[in-house]
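Work through the exercises below with the structure open beside the page, and try each task before reading its solution.

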Amino acid sequence: MKLFTIAWFELRTLARTRAVLLNLFLLPMVLIFILGNALSGNFADGTEASINMVRVMIVEAKPQPGRGAHEQTWVRSQPETAAGAHLVGLGFKEFLGSPEIEQRLQTEYVTNREETVEALIQREADFAVVIPYDFEQRVMTGMEAKWELIPGKDSMKNHIAEMIFQAYLDEVNRIQAAIIVLGSEGVVEAMKAMNDLDSTYVETATLNEQGKMYSSFQYYAASMLIMFLLYSGLSASISLSEERRNNTLYRLNAMPVSTLEIFTGKIVGNSLVAFLQAAVIIGGTSLLYGVDWGDHLGLLILICVLVVMASMMLAVVITLLVKSSVVARSVVVTVIVVMTFLSGGFQPLPIELVQRLGEFTVNHWALQGTLRLMLGVEPAEVMQYIMMLGLCCGLLLIAGIVSYRKVGYHE
């Protein structure tokens, strides 16, 4: 009973603060509206996102006569050598000539690497590939063969080009492995396989079997919901710090109530506000912006509960371990912003390193699970994300218990 009295007090305190109400309920709706409209071109309102043509320069290079392998430099190919002629046997031109690839890549064969790099700097090209002159010979003899991929200034176009060329190189590696294992007997089959390369190695797919794609409003409604639910822990952090700073814990401890009940009551009170905030965001975006949150409301509620739990435990750990209340707030805000960025909450990022780091955040698993609910996938597929989110919450809960037992919440 005492616990609920403290929780009710927290609710009344937050309800009287206009700034808190604006930040918790109005600001998320405004941000979703701004981001959903401003970045709608990246999502095309539920259809496949539009991707501009990637201008790729393919540099054919060969060593200068009389130089060793370690002294190779780039020179112009002989005029009588047709562009890409030494790659015909590896099915390279057939690969680039497929309709799916031609829709995404605009290729140009050149012979000077330095001019190509300058073109990338001046944004006259988006991506470049440097192919050794003896590439086919080295592949067919089982020797090491490398390409040089030179990215431009557009990270999205770099990612697209890298994926397309990597699809071709993966097949080259497979064929070369067959040559190494089978020897000369595998060369004929390898040549036939390489000449049969077609568009099946690069396919356009959607995120689920139904072919649905989420819109910009759906994406940012999900990401902002998660981010602001994480911010709900900041209210708990402020309340805990204020009790210490104002020395009100002396009076609370003098009453017949334990510090654990005080601590838990504040967490419960702020959690109830967070659940109300989630209801406002989900209901408001559904009514005002037409956001479809999917048909599995129970799983969506479960994700929200786990995010709130993670938020509270994160705030508790930082507040208990950091003595200064100002520093604790700054750390909580910084951690939330960094996690949101790494998980792609502000904008989907194609950078592999960032995506890998994002998998260690609460936001990643909550966002991916929510987006799949929006797409109408089977609950079993969503459960793997919920389980990982639950694991994150469990680790934070353990950290919170250890921090409380070690530091405590008293004066």
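Two residues are in contact when they have heavy atoms within 4.5 Å of each other. The model used throughout is a predicted one.

**Exercise 1. A serine in a helix**

Task: Find which residues Ser232 contacts, leaving aside its neighbours within four places in sequence, and decide whether Ser232 is buried or exposed.

Solution: Begin by locating Ser232, which is found in helix α9. Leaving aside neighbours within four places in sequence, its contacts are Ala274, Gln277, Ser311 and Met312. The relative accessible area of Ser232 is 4%, and since a residue counts as buried under 20%, Ser232 is buried.

Now turn to Leu229, for which residues up to four places away are again not counted: Leu229 touches Ala274, Gln277, Ala278, Cys304, Val307, Val308 and Ser311. Ala274, Gln277 and Ser311 are thus among the contacts of Ser232 and also among those of Leu229.

**Exercise 2. The nonpolar cores**

Task: Name the residues that touch the most other members of the largest nonpolar core, and say which helix gives the largest share of this core.

Solution: The largest nonpolar core has 60 residues, and those touching the most other members are Leu225, Leu229, Trp293, Val307 and Leu389. At least two residues of this core come from each of α9 (216-245), α11 (259-288), α12 (297-321), α13 (325-342), α15 and α16 (379-407). Helix α9 gives the largest share, with 15 residues. Apart from this core lies another, of 23 residues, which includes Phe95, Leu96, Ile101 and Val172. As a general background, nonpolar side chains in soluble globular proteins tend to be buried together.

**Exercise 3. An enclosed strand and its partner**

Task: Explain why strand β3 is described as largely enclosed, and state in which sense β3 and β4 pair.

Solution: Strand β3 covers residues 127-132, and five of its six residues are buried, so the rest of the structure largely encloses this strand. Next, look at strand β4 (residues 148-151), which pairs with β3 in the antiparallel sense over four bridges. One position can be followed in detail: Ala128 has Ile150 in β4 as its bridge partner.

**Exercise 4. Reading aromatic pairs**

Task: Classify the ring pair of Phe127 and Phe165, and then the ring pair of Trp147 and Phe165.

Solution: A pair of aromatic rings is described by the distance of the centres and the angle of the planes. In the whole structure, eight aromatic pairs are found. For Phe127 and Phe165, the ring centres are 6.2 Å apart and the planes stand at 15°, so this pair is stacked. The two residues lie 38 places apart along the chain, with Phe127 in strand β3 and Phe165 in helix α7 (residues 155-182), and their pair links distant parts of the chain. Phe127 is buried, at a relative accessible area of 0%, and Phe165 is likewise buried at 0%.

For Trp147 and Phe165, the centres are 6.2 Å apart but the planes stand at 70°, so this pair is edge-to-face. Trp147 belongs to the loop between α6 (135-140) and β4, 18 residues from Phe165 in helix α7. Trp147 is buried, as is Phe165. To complete the picture, Phe127, Trp147, Phe165 and Tyr168 form one aromatic cluster.

**Exercise 5. A partly exposed glutamine**

Task: Decide how Gln106 should be classed by accessibility, and list which residues Gln106 contacts beyond its neighbours within four places in sequence.

Solution: Gln106 is found in strand β2 (residues 105-110). Its relative accessibility is 48%, and Gln106 therefore counts as partly exposed. Beyond neighbours within four places, Gln106 is in contact with Met53, Val54, Arg55 and Val56. Val56 is 50 residues away along the chain, yet the C-alpha atoms of Gln106 and Val56 are separated by 5.9 Å.

**Exercise 6. How far to trust the details**

Task: State the mean pLDDT of the protein chain, and find where confidence is lowest and where it is highest.

Solution: The mean pLDDT of the protein chain is 76, with 70% of the residues reaching 70 or more. Confidence is lowest in helix α8 (residues 185-195), at a mean of 54, and highest in helix α15 (residues 362-374), at 91. Over residues 66-85 the pLDDT is below 50, although the model gives this stretch 31 contacts beyond near neighbours in sequence. Where pLDDT is low, the predicted coordinates should not be read in detail.

Methods. Residues are numbered from 1 along each chain as its sequence is written. This is a predicted model: local features need pLDDT of at least 70, side-chain atom pairs count only at pLDDT 80 or more; totals for chains, interfaces and linings use all residues. Side-chain values use heavy atoms; hydrogens and water are left out. pLDDT is the predictor's confidence in each residue, from 0 to 100. Buried means under 20% relative accessible area, exposed over 50%, partly exposed in between (1.4 Å probe, protein chains only). Two strands pair if DSSP finds at least two bridges between them. A nonpolar core is a set of buried Ala, Val, Leu, Ile, Met, Phe, Trp, Tyr and Cys residues joined through side-chain atoms within 4.5 Å. Rings of Phe, Tyr and Trp (its six-membered ring) pair if their centres lie within 6.5 Å; planes under 30 degrees apart count as stacked, over 60 as edge-to-face and the rest as tilted.
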